[in-house]
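Could you walk me through this protein with a few exercises? I'd like a task each time, then a solution that takes it step by step.

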Amino acid sequence: MTADPLLAVRGLTKTYYGLTAVDDLTFAVAAGTIVGLIGPNGSGKSTTIDCISGFQRPDVGRWFLRGTELTGRPAHAHARAGVARTFQTVRAYETLTLLDNLRLAVQEHDGVTWWQSLARSVSWRDAEAEATARAHELLGVVGLTNYAGAPAEILSYGQRKLLTIAASMMARPALVVLDEPVAGVNPTMIRRVEEVIRRVNAEGVTLLIVEHNVDFIMRLCGHVIVLDAGKKLAEGEPAEVRGDPRVLAAYLGRGRASREAARRD
Ligand SMILES: Nc1ncnc2c1ncn2[C@@H]1O[C@H](COP(=O)(O)OP(=O)(O)O)[C@@H](O)[C@H]1O
Ligand SMILES: [Mg+2]
């Protein structure tokens, strides 16, 4: 990691009714990288990104984007500072067109509704034209141009995931945080999502990706952080992390991993 990361998280702790979901977690995301956050179910991945995008309030911890503290700020303040995200459950306006779904996304990111913004802005036509151009560009990136005028409800599950990634990109964020972008997505579409993430990254966007699909993360990420029971178990390059006996233990069960570790000694 560089000395001056895009995102720096220090000592993040979040408890739910006495259960420690995230436990004194410190990590950094370097600008321009794709970082993977993996770990078994319930290890605190979603809670971590909920906190650092302003959707949950941690008990302890501080975080900074390009050195600016965002600790305790609401979600829209994070969005305005340049943090965008998607959710594990796909959220789309079913009856609205893909184009309108994207145009609404940029308004939500500003923390005001579409209509509030229209009423307030003197040059709303310009703002709308800009949003429309960006939406078309992003539909091209995710390969959904043909469906621009179709309602979101006609999309397959994988296509919806692509739409939410496009939506997260509308406000030209510095950091995009994706929660399980390929969960439940078929192998062909997984490749498509992977391609889209690489394209987005090539445009200079930094990505933090939470995923259950370890192979996907290992192919895509230069740096991987492994959580177990809310704590950082390991981090490093994919090859390093993959061979770590503690990681094997978390994923495969203690018995098998200790046998693996014994074999290495
Ligand atoms: N809103 C919540 N209320 C109570 N417990 C929660 C809530 N969200 C998550 N948890 C608990 O916190 C732990 C971590 O959950 P989560 O961050 O969703 O893990 P992951 O995303 O790695 O599967 C789990 O034990 C989960 O049951
Ligand atoms: Mg989760």
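Here are six exercises with worked solutions, all based on a predicted model.

**Exercise 1: Get your bearings**

Find out how many helices and strands the chain has, and what share of its residues is buried.

Solution.
- Step 1: go through the secondary structure, and you end up with 11 helices and 10 strands.
- Step 2: look at burial. Of the 265 residues in the chain, 52% are buried.
- Step 3: check how far contacts reach along the sequence. Take contacts between residues at least 6 apart in sequence, and 66% of them join residues at least 24 apart.

**Exercise 2: The sheet of 4 strands**

Work out the strand order in the open sheet of 4 strands, and say which strands sit at its edges.

Solution.
- Step 1: follow the pairing across the sheet. The order reads S2-S1-S4-S5, and the pairing is antiparallel.
- Step 2: look for strands that pair on one side only. These are S2 (19–29) and S5 (68–69), the edge strands.
- Step 3: zoom in on one pairing. S1 (residues 7–16) and S4 (residues 60–65) are antiparallel and share 5 bridges. In this pairing, Leu7 faces Leu65 of S4.
- Step 4: peek at the loop between S1 and S2, where Tyr17 sits. Most residues other than glycine have a negative phi. Tyr17, though, is not a glycine and has a positive phi near 45 degrees. With a relative accessible area of 88%, Tyr17 is exposed.

**Exercise 3: The helix lying across that sheet**

Decide whether helix H1 is mostly buried or exposed, and place it against the strands.

Solution.
- Step 1: locate the helix. H1 covers residues 45–52 and lies across S1, S2 and S4, at about 120 degrees to S1.
- Step 2: count the buried residues. That gives 7 of the 8 in H1, so the helix is largely enclosed by the rest of the structure. Among them are Lys45, Ile49 and Ile52.
- Step 3: pick Thr47 as a sample from H1. Its relative accessibility is 10%, and buried means under 20%, so Thr47 counts as buried.
- Step 4: list what Thr47 touches, skipping neighbours within four places in sequence. You get Lys14, Tyr16, Ala21 and Val22.
- Step 5: see what comes after the helix. H1 is followed by Gly54, which has a positive phi near 85 degrees.

**Exercise 4: The magnesium ion**

Identify the protein donors of the magnesium ion (ligand 2) and say where they come from in the chain.

Solution.
- Step 1: look for donor atoms around the ion. They are OG of Ser46 and OE1 of Gln88, lying 2.1 to 2.5 Å from it.
- Step 2: place each donor. Ser46 belongs to helix H1, while Gln88 is in the loop between S6 and H3, so to speak a link between distant parts of the chain, 42 residues apart.
- Step 3: check accessibility. Ser46, at 22%, counts as partly exposed, and so does Gln88, at 38%.

**Exercise 5: Rings and charges**

Find the aromatic pair, then see which charged ends sit over the ring of Phe87.

Solution.
- Step 1: search for paired rings. The structure holds 1 aromatic pair, made by Phe55 and Phe87.
- Step 2: describe the geometry. The centres are 5.0 Å apart and the planes make 85 degrees, an edge-to-face arrangement.
- Step 3: place the partners. Phe55 is in the loop between H1 and S4, and Phe87 is in the loop between S6 (83–85) and H3 (98–109), so the pair ties together parts that are 32 residues apart in sequence.
- Step 4: add the charges. Arg85 puts its charged end over the Phe87 ring, 4.0 Å from the centre. The charged end of Arg91 also sits over that ring, 3.8 Å from its centre.

**Exercise 6: The sheet of 6 strands**

Give the strand order of the other open sheet, and explain why S6 and S10 count as its edges.

Solution.
- Step 1: read the order, S6-S7-S8-S3-S9-S10, with mixed pairing.
- Step 2: check the ends. S6 and S10 (231–236) each have a single partner strand, so one side of each is left without a neighbour in the sheet.
- Step 3: look at a parallel pair. S3 (residues 34–38) and S8 (residues 206–210) are joined by 4 bridges, and Gly36 has Ile209 as its bridge partner in S8.
- Step 4: add a helix. H6 (residues 157–169) packs on the sheet, touching S6 and S7 (175–179).

Notes: Residues numbered from 1 in each chain as written. Chains lettered and ligands numbered in written order. Predicted model: local features only at pLDDT ≥ 70, side-chain atom pairs only at ≥ 80, totals over all residues. Heavy atoms only, no water. Pairing = 2+ DSSP bridges. Helix = DSSP H or I, 4+ residues; strand = E, 2+ residues; numbered from the N terminus. Contact = heavy atoms within 4.5 Å. Axes fitted to C-alpha atoms, helices over the stretch in contact; angles between N-to-C directions. Phe/Tyr/Trp six-rings, centres within 6.5 Å; stacked < 30°, edge-to-face > 60°. Lys NZ or Arg CZ within 6 Å of the ring centre and 35° of its normal. Donors = N, O, S within 2.8 Å, 3.2 Å for Na, K, Ca; no water. Buried < 20%, exposed > 50% of the residue type's maximum accessible area, 1.4 Å probe, protein only.
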